[in-house]
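The exercises below are meant to be worked through with the sequence and the coordinates side by side. Try each task before reading its solution.

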Amino acid sequence: MKKLTLTEKLAYSAPAFSLAVVGIPVYVYIPKFYTDVVGVHISALGAILLIVRLFDAFTDPVIGLVSDRLRTPMGRRRPLIVIGAVLTVFAIFFLFNPPRTLDADAAGIWFTALIFALFLFWTVVIVPYESLGPELTFDYNERTALFSMRDGALIAGTVVAAAMPGTVKWAAGIDGSPEGQRQIFYILSLVYTPLILAACAWCVAVFRERPRRDTYARLQVFTWIRSSLANRPFRILLIAYTISAIGNNLPATLILYYVQYVLGSERADLFLVLYFVTGIVFLPMWVSLSRRTGKKAAWLASMVINTGAFFWVFFLGPGDEILYGALVFLSGIGFGATLAIPSAIQADVIDYDELIAGDRREGLYIGLWSIAKKLAAAVGVGAGLAMLGTSGYQPGVAQSDSVVMTLRILYALVPCLCNALAIVIAFSYPINEGVHRQIRSGIETRAAGQPVEDPLVPGTILGQRHI
């Protein structure tokens with residue numbers, strides 16, 4: 001039950017901060033850069049991004065399984081983190097700096113090759129990186145502190161990544177011309193490539209992976225996936241988190257539309273920063289609360305606060321910026337915990353899998369978790385924009401009453417309903433600190449060759465057989 005030092009927690013959190021660049025810049029800024037400056041057809045770009053999302057969801061569990069089975073002197077995870085980081089920075093540099101001589105078709109090919117490469121290489125580093133976390137400490141509460149710091153770093157990195165293009169433009173005195181846009185992305189590539197390499201190198205240098213027992217007789221992918229989905233605590237966690245994530249992706253997709261067409265404001269960026277910063281500031285409070293009440297209670301409370309405050313956004317209208325800002329702040333109090341605490345809970349679920357399966361399979365679980373997150377994002381984005389379109393939305397003009405009502409419902413009510421359903425499902429999650437202590441004890445007992453009773457299924461005896 002190792003306690004991690006502050007330096008170790010910072011070293012583990014550093015890659016999350018730097019790799020946040022593969023977020024808002026890639027999903028928000030790069031598409032517009034390639035359509036408006038480089039010359040890729042917008043319809044082609046949309047199709048490419050849809051396909052790469054599906055490709056990305058497929059590669060996550062594959063890389064997870066590879067990292068579970070890899071055996072090297074450096075361990076299972078760290079070699080992939082190093083290789084993935086190096087390849088990722090190459091992909092970022094070339095994606096951010098396309099040749100000036102490309103025509104539309106060649107630009108489309110360049111974008112396709114680089115965006116697929118970036119997401120593949122990013123998966124090679126991010127899945128092993130996230131899989132490393134659960135085995136750094138088996139302490140029930142220490143995990144909450146570790147993942148809170150990591151996800152806090154991710155949120156901070158997202159804020160910085162969102163602000164970087166505008167900051168670079170202002171600091172360097174760059175205009176908004178196509179050539180100016182190229183200069184901005186060139187500077188961003190020079191900032192992020194060494195930052196990613198340094199952060200991942202620090203993480204890899206600080207930690208030594210635990211020696212693993214080689215219990216896999218052969219590759220049993222479908223058996224492993226079936227057994228993981230049969231893991232009741234994981235199933236409850238995955239379903240509750242996915243439903244909540246679908247709802248939470250709707251406001252992320254529609255905030256620009258809601259702020260402009262419902263509130264009549266141009267300050268969406270300010271509200272986003274307020275939300276993210278509030279989430280970071282209140283994370284230590286949630287870590288402390290989790291120690292006193294348990295992870296499940298803290299997670300449920302964070303969802304209640306996050307959702308309860310956001311419900312009242314439905315009733316706002318033109319000129320209600322101050323009220324909206326207050327509700328964003330209140331909702332943001334729970335935001336960080338809705339990310340960090342499920343990650344800490346997932347680590348406990350992986351321990352339970354080790355007890356019943358006989359070995360640690362973080363990569364498999366992180367891969368399945370990643371699929372759920374990405375599919376939730378795809379459903380949130382796809383459904384939100386599709387419904388907005390069918391309601392009669394017209395860009396750049398005052399919207400009809402039906403469009404405004406659709407925005408209110410999709411932006412506020414649907415996410416609240418999703419979170420309410422997630423809260424009901426999460427109530428049945430069965431692992432608390434006492435149960436987790438039994439799980440860790442059972443793992444040691446079973447590793448010594450003795451049978452042990454399943455703490456979640458009384459009367460079920462677990463022997464030496466490994467899946």
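**Exercise 1. The overall fold**

How many helices and how many strands does the chain have? Then decide whether its radius of gyration agrees with that of a compact globule.

*Solution.* This is a predicted model, and its chain has 16 helices and two strands. For the second step, a compact globule of 467 residues would have a radius of gyration near 23 Å, and because the chain has 23 Å, the two agree. Along the principal axes, the C-alpha atoms fill a box of roughly 70 × 50 × 40 Å. Buried residues make up 54% of the chain, and of the contacts between residues at least 6 apart in sequence, 81% join residues at least 24 apart.

**Exercise 2. The faces of helix 11**

Determine which residues of helix 11 are buried, and why they can be said to line one face of the helix.

*Solution.* Begin with the burial of helix 11, which spans residues 283-293 and whose buried residues are L283, W286, V287 and S290. Seen down the axis of helix 11, these buried residues fall within an arc of 105 degrees, so they line one face. The spacing can be understood from the geometry of an α-helix, which has 3.6 residues a turn, so that residues three or four places apart point the same way. Next, turn to the other side of helix 11, where P284 and R292 are exposed. Finally, look for the packing partners: the buried residues of helix 11 pack against helix 6 (140-172), helix 10 (268-281), helix 12 (295-311) and helix 13 (321-357). Just after helix 11, G294 takes a positive phi of about 100 degrees.

**Exercise 3. Two hydrophobic side chains**

Classify F58 as buried or exposed, do likewise for I243, and find which residues I243 contacts beyond its sequence neighbours.

*Solution.* F58 lies in helix 3 (residues 42-69), and because its relative accessibility is 59%, where exposed means over 50%, F58 counts as exposed. In space F58 is 9.0 Å from G367, C-alpha to C-alpha, although 309 residues separate them in sequence. I243, by contrast, belongs to helix 9 (residues 232-261), and its relative accessible area of 18% is under the 20% cut-off, so I243 is buried. Leaving aside neighbours within four places in sequence, I243 is in contact with C418, L421, A422 and I425. I243 and A412, which are 169 residues apart in sequence, are 15 Å apart in space, C-alpha to C-alpha.

Key:
Residues are numbered from 1 along each chain as its sequence is written. This is a predicted model: local features need pLDDT of at least 70, side-chain atom pairs count only at pLDDT 80 or more; totals for chains, interfaces and linings use all residues. Side-chain values use heavy atoms; hydrogens and water are left out. Buried means under 20% relative accessible area, exposed over 50%, partly exposed in between (1.4 Å probe, protein chains only). Helices (H or I, at least four residues) and strands (E, at least two) are DSSP runs, numbered from the N terminus. The arc is that of the directions from the helix axis to the C-beta atoms. Contact means heavy atoms within 4.5 Å. The radius of gyration is taken over C-alpha atoms; the globule rule is 2.2 Å times the number of residues to the power 0.38.
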